[in-house]
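Hi,

Here is the structure I said I would pass along. Have a look at it first, and my notes on what turned up follow below.

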Amino acid sequence: MTASAGSAAWYLRRLSRMGPREIGGRVGDTVRRRRWRSAVPDGPAVSGARFTAVLPAQTIASVPPDAAKRLVAAADRLMDGHAVFFGVDRDDLADPDWWYDPKTGRRAPSGYAFDVPYRDEDAVGDIKQIWEPSRHQYLTVLAAAYALTGNERYAERVAAQLRSWWSVNPPLLGVHWTSGIELGIRLLSWVWIRRLLDGWPGAAGLFEQNPVAVRQIWHHQRWLAAFPSRASSANNHVIAETAGQLAAACAFGWFPDSARWRADALRSLERQLRRNTFGSGLNRELATEYHGLVLELGLAAVAEADAASVPVPATVRLVLLRMTDALAAIVDDRLRPPRQGDADDGHGLVLDGPGTDRWGSLLTAGAAVFGGLSWWPAVTGTDVRTPLLAALIRPYPREGTAPAVSRPAHRPDHFADAGMTILRGPAGIWCRCDGGPHGFLSIAAHAHADALSVEVRHDGVDVLADPGTYCYHGQPAWRRYFRSTLGHNTLQLDESDQSVSGGPFLWTRHARTRVLFVDTGTGTDTASGDGVARWAAEHDGYPGTTHRRRVELTAASRELRVVDEVRGPARSARLAFHLGPEIAVELAGHRAVLRWTRDGEDRSAVLDLPGALSWRAHRGESEPPLGWYSAGFGRREPSTTLVGTGTADGTALPGEFTTVLRFAG
């Protein structure tokens with residue numbers, strides 16, 4: 001079992017991060033689970049149900065041809081049974097075993113859902129590998145292929161697999177009834193499957209005229225109403241739960257409780273979107289992929305409410321607008337956002353093939369719904385999802401109309417509440433400086449110990465990279481490494497993390513960070529006018545010692561200077577710089593020459609490292625892990641990490657360590 005996510009010590013640490021109200025709610029959940037064990041109700045009888053949340057006429061015709069072609073190609077691969085989930089090639093999706101994990105070869109046990117030890121990889125397998133196909137997002141791709149082509153073989157495959165899933169996974173039996181985020185996303189997929197299959201003669205017989213489907217939908221909604229993510233766990237999970245509940249209560253509003261579920265979900269969505277989002281528009285988990293997930297879920301939820309003519313609070317649209325503007329502000333020249341915090345490749349709504357750029361698609365959707373601003377980066381790619389969502393979502397008031405909302409006149413580069421600063425230079429030099437909170441809520445589940453870390457790119461290429469996430473469960477040594485201080489471009493003292501971990505999704509002590517100075521060179525109030533962008537911050541993650549970092553980016557010389565200062569006692573220091581997988585390096589003493597290729601052109605940079613430290617290059621090491629890059633969940637590849645090590649001379653470390661990165665002209 002991982003980091004003993006099921007041990008008594010873990011439960012005590014987890015309990016210590018809860019307040020009395022949360023503890024009371026969880027006690028109530030436990031009582032309810034025991035009561036539900038005794039009998040599984042059939043649900044209310046439904047007759048005369050109709051599905052009316054269809055796409056407006058001509059919506060499908062508005063899908064760009066190249067996006068449609070990519071989607072159909074992806075659907076054809078799925079029809080052949082092929083898909084990739086978290087780095088594992090699957091060839092069994094023509095007739096999947098819904099409880100099987102191909103990564104470990106294990107099959108999840110049967111039995112009452114709340115008895116399944118889903119965190120225990122030895123007993124269940126890799127739970128992410130089991131859960132992901134059952135989000136049914138690959139079935140939304142097949143359903144979209146039917147809508148685009150009219151070829152009934154796609155619809156028939158979707159119908160066969162849904163009937164299979166419903167048969168194998170009756171209510172409250174097995175691993176697919178253990179986590180609310182899975183139920184919420186699955187409901188959202190079912191809504192879109194029904195919508196996209198609307199022209200197929202068998203659609204009604206598969207859904208509203210099918211007692212098995214109706215019972216499944218009712219039980220999913222009953223579950224979500226009974227077991228919401230609470231308090232310290234109310235992060236992206238609660239957004240997925242409420243989005244799925246709202247979508248189903250709007251589109252499948254066939255039950256006596258539908259109106260109540262709809263109203264409760266809408267209230268929860270409004271409240272939780274505000275709680276999960278900084279005023280600047282960035283997601284409070286400070287994990288960029290979850291910013292994308294929450295934005296996708298929010299847009300999908302609003303689409304269902306608008307399609308059902310259910311009034312949506314203005315604050316919901318305002319939060320989604322700010323999230324979209326924030327995303328447009330932080331991406332680099334290739335539309336890649338920061339790689340901050342955890343990332344598990346989770347999507348809210350999938351209506352495109354794997355060749356579609358996720359972030360470009362979100363910005364295109366944001367432009368269609370809210371209107372893009374003059375400073376937004378250009379998006380050249382196309383997608384299927386945008387015209388379908390835009391056909392359902394009510395247009396947002398544009399500037400100059402009432403009630404207009406103030407939006408940034410220029411591209412923001414400093415997000416004070418989130419502690420994120422983006423420094424930009426010529427030739428696509430992009431540098432993210434991290435001076436924000438450790439994470440969200442008392443457990444900061446998706447945070448990394450990365451205070452004061454930097455992430456540097458040149459024309460979209462990772463030069464000083466955030467290594468990523470790689471895994472959650474089952475591989476504790478790898479989980480610890482990818483979220484550790486040494487696993488980021490920052491300074492580690494006394495071989496300890498800045499924040500204290502209590503488990504794979506639990507931090508028991510959070511480093512506090514304070515931004516001291518920002519001058520990005522673009523603002524009218526703070527710009528020095530000398531062509532140098534500056535940032536400085538410090539954190540208190542090491543009791544009695546302060547780590548302070550200053551970063552300067554000089555545009556004229558294409559030079560990035562990083563100065564680390566240690567104030568207080570420390571026995572040892574390790575300064576890490578993780579190079580992206582495309583970077584080749586030659587290290588000689590305290591100088592590293594970096595080389596890579598972009599669009600057929602050779603590029604280079606020189607990294608002058610602090611002479612007070614002893615430097616070594618590490619690549620693809622496993623005991624312990626060091627020198628790795630994870631491009632996506634479940635995948636890792638060797639990359640080079642430069643680590644400088646120093647010990648105290650007498651009673652203290654040298655006061656400052658200066659690193660200079662110079663890009664060739």
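About 24,700 Å² of the protein is exposed, with carbon and sulfur atoms supplying 51% of that area. Bear in mind as you read on that this is a predicted model.

As for what is tucked away, 58% of the 665 residues count as buried. On charge, there are 75 positive and 73 negative ones, and the mean positions of the two sets lie 5 Å apart.

Now the overall build. The protein has 17 helices and 27 strands. Its radius of gyration comes out at 25 Å, close to the 26 Å that the globule rule gives for 665 residues, so the protein is as compact as a globular protein of that length. If you want dimensions for a figure, the C-alpha trace spans about 80 × 55 × 45 Å along its principal axes. Taking contacts between residues at least 6 apart in sequence, 71% of them join residues at least 24 apart.

One piece to zoom in on is an open sheet of five strands, which pair antiparallel in the order β5-β6-β7-β8-β9. At its edges sit β5 (414-415) and β9 (461-464), each pairing on one side only. Further in, β7 (residues 429-434) runs antiparallel to β8 (residues 454-458), and five bridges link the two. If you would like a spot to click on there, try Cys433, which stands opposite Val454 in β8.

Shout if anything is unclear.

Cheers

Notes:
Residues are numbered from 1 along each chain as its sequence is written. This is a predicted model: local features need pLDDT of at least 70, side-chain atom pairs count only at pLDDT 80 or more; totals for chains, interfaces and linings use all residues. Side-chain values use heavy atoms; hydrogens and water are left out. Helices (H or I, at least four residues) and strands (E, at least two) are DSSP runs, numbered from the N terminus. The radius of gyration is taken over C-alpha atoms; the globule rule is 2.2 Å times the number of residues to the power 0.38. Buried means under 20% relative accessible area, exposed over 50%, partly exposed in between (1.4 Å probe, protein chains only). Contact means heavy atoms within 4.5 Å. Accessible areas come from the Shrake-Rupley method with a 1.4 Å probe; for residues, only the protein chains shown count as cover. Lys and Arg count as positive and Asp and Glu as negative; His and the chain ends are not counted. The place of a charge is taken as NZ of Lys, CZ of Arg, CG of Asp or CD of Glu. Two strands pair if DSSP finds at least two bridges between them.
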